[in-house]
Amino acid sequence: MAKDLLCDRSPSACRRISPKWRRHPQQPPGWLKRQRQAERRIIMSKIGFIGLGIMGRPMAGHLLDAGHELVTVKRGTLDATLAEKGMTELDSPRAVAEQAEVIITIVPDTPDVEQVLFGEGGVIEGLKPGTLVIDMSSIAPIATQGFAKRIHEAGGEYVDAPVSGGEGGAINAALTIMVGATEEGFSRARPILEVMGKTITHIGGHGAGQTCKVANQIVVALTIEAVAEGLLFASRAGADVAKVRESLLGGLAQSKILDVHGERMIKRTFDPGFKIKLHQKDLNLALEGARSLNLALPGTANAQQLFQACAAHGGGEWDHAGILRALEVLADHEVGS
């Protein structure tokens, strides 16, 4: 009977209910000890983390801070902070897979994920039965389904878990994480994802997380374009754009993009952030998917053309708020001038 009384909440949920881990009034003696033991098992996971870019570096740092042991693939000089926290380097994804219980990838594009997982010296060559593979890149949903099938056939569990929130979200462990997985895969991945993110949603089966991320990138691109057009209009009309933005933040036009990227546009700070060339890649996924679905996405196509104009002027490495610059060229006017 005691077993039937055990709380079905996760350790993290129990912490939110009772930060000091006081025993739930309905739980029998020993429940607290068992929950702490479960938490320690989560903390002691050995994770292979592949992809230490703008997003990956802080995400890996949070996992190290939480007590996980991390290994990665040697690529140049390892970030000093991660090295100090105990991250170690190995020669290949295969070597990482041979040592890790969990593998996380966050790399630029679909071919990069395929190479890491299935290329020569790839993860699949060293994959142990039961290994959890979490891909946090933003890649093609259909390809993701194929990757999941191959990992499953090799004895692993696959989760697609792309993220939104940009560099700031990664640094503050406040990412939104969109998950495509089996129920078992999601259950296994969630305690790890909670270390890096604030909003974790199980969207559906394999590929559903990536589909959600494509939808996210459509909304983000069009909203950034709308903010840029609004501020450009206000500036050309002679208004104080900083005060216009301040006023808009109090009304229906309020959004995180107006807050964060509107400020970037006014201050003209276009260092990434999230690079235009990566957003171009995501909108390509949207437009390719739309063609296969016989669907028109005219706003997405327009935003992609503006990103392309930026890239044509050497702006592929700009933050995606730099879409403003393409509009400024068309208007022959610079915001704030």
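**Exercise 1. Which side chains meet K281 or D282 in a salt bridge, and what is the N to O distance?**

Solution. Some ground rules come first: the model is predicted, so local features need pLDDT of at least 70 and side-chain atom pairs count only at pLDDT 80 or more, while totals for chains, interfaces and linings use all residues. Residues are numbered from 1 along each chain as its sequence is written, and side-chain values use heavy atoms, with hydrogens and water left out.

Step 1. Apply the criterion for a salt bridge, namely a side-chain nitrogen of Lys or Arg within 4 Å of a carboxyl oxygen of Asp or Glu. The side chains of K281 and D282 satisfy it with each other, at 2.9 Å from N to O.

Step 2. Classify the burial of the two residues, where buried means under 20% relative accessible area, exposed means over 50%, and partly exposed lies in between (1.4 Å probe, protein chains only). Both K281 and D282 are buried.

Step 3. Look for bridges with shared partners: R94, E98 and E125 are joined into one network in this way. By the salt-bridge rule the count comes to 15.

**Exercise 2. Compare the locations of the salt bridges E194–R190 and E317–K275.**

Solution. Step 1. Assign the elements, taking helices (H or I, at least four residues) and strands (E, at least two) as DSSP runs numbered from the N terminus. E194 and R190, whose side chains meet at 3.2 Å from N to O, both lie in helix α10 (residues 183–196), four residues apart, which is about one turn of the helix.

Step 2. Check the accessibility of this pair: E194 has a relative accessible area of 23% and is therefore partly exposed, and R190, at 33%, also counts as partly exposed.

Step 3. Turn to E317 and K275, whose closest N and O atoms are 2.8 Å apart. E317 lies in the loop between α15 (298–312) and α16 (323–331) and K275 in the loop between α13 (256–267) and α14 (276–292), so this salt bridge ties together parts that are 42 residues apart in sequence. E317 is partly exposed at 39%, and K275 is partly exposed at 21%.

**Exercise 3. Find the aromatic pair in the structure and describe its surroundings.**

Solution. Step 1. Search for rings of Phe, Tyr and Trp (its six-membered ring) whose centres lie within 6.5 Å, calling planes under 30 degrees apart stacked, over 60 edge-to-face and the rest tilted. The search of the whole structure gives one aromatic pair. It consists of F118 and F147, with 5.5 Å from centre to centre and 50° between the planes, and is classed as tilted.

Step 2. Place the partners: F118 belongs to helix α6 (residues 110–118) and F147 to helix α8 (residues 141–153), so that the pair links distant parts of the chain, 29 residues apart. Both F118 and F147 are buried.

Step 3. Test for a charge over a ring, which requires NZ of Lys or CZ of Arg within 6 Å of the ring centre and within 35 degrees of the ring normal. R150 lies over the face of F118, at 3.8 Å from the ring centre, and elsewhere the charged end of R325 sits over the ring of W318, 4.3 Å from its centre.

**Exercise 4. Trace the strand pairings that involve β1, β4, β5 and β6.**

Solution. Step 1. Count two strands as paired if DSSP finds at least two bridges between them. β1 and β4 run parallel and are joined by four bridges, with G48 having I103 in β4 as its bridge partner.

Step 2. Continue from β4 to β5, which pair in the parallel sense over four bridges; here I104 has I134 in β5 as its bridge partner. Strand β4 (residues 102–105) is covered on both faces, with V102 and I104 on one side and I103 and T105 on the other all buried.

Step 3. Proceed to β6, which runs parallel to β5 (residues 132–135) and is joined to it by four bridges, L132 standing opposite E157 in β6. The chain passes from β5 through α8 to β6 in a right-handed β-α-β crossover, meaning that, with the strands pointing away from the viewer, the path from the first strand over the helix to the second runs clockwise.

Step 4. Examine the faces of β6 (residues 157–160): E157 and V159 on one side, and Y158 and D160 on the other, are all buried.
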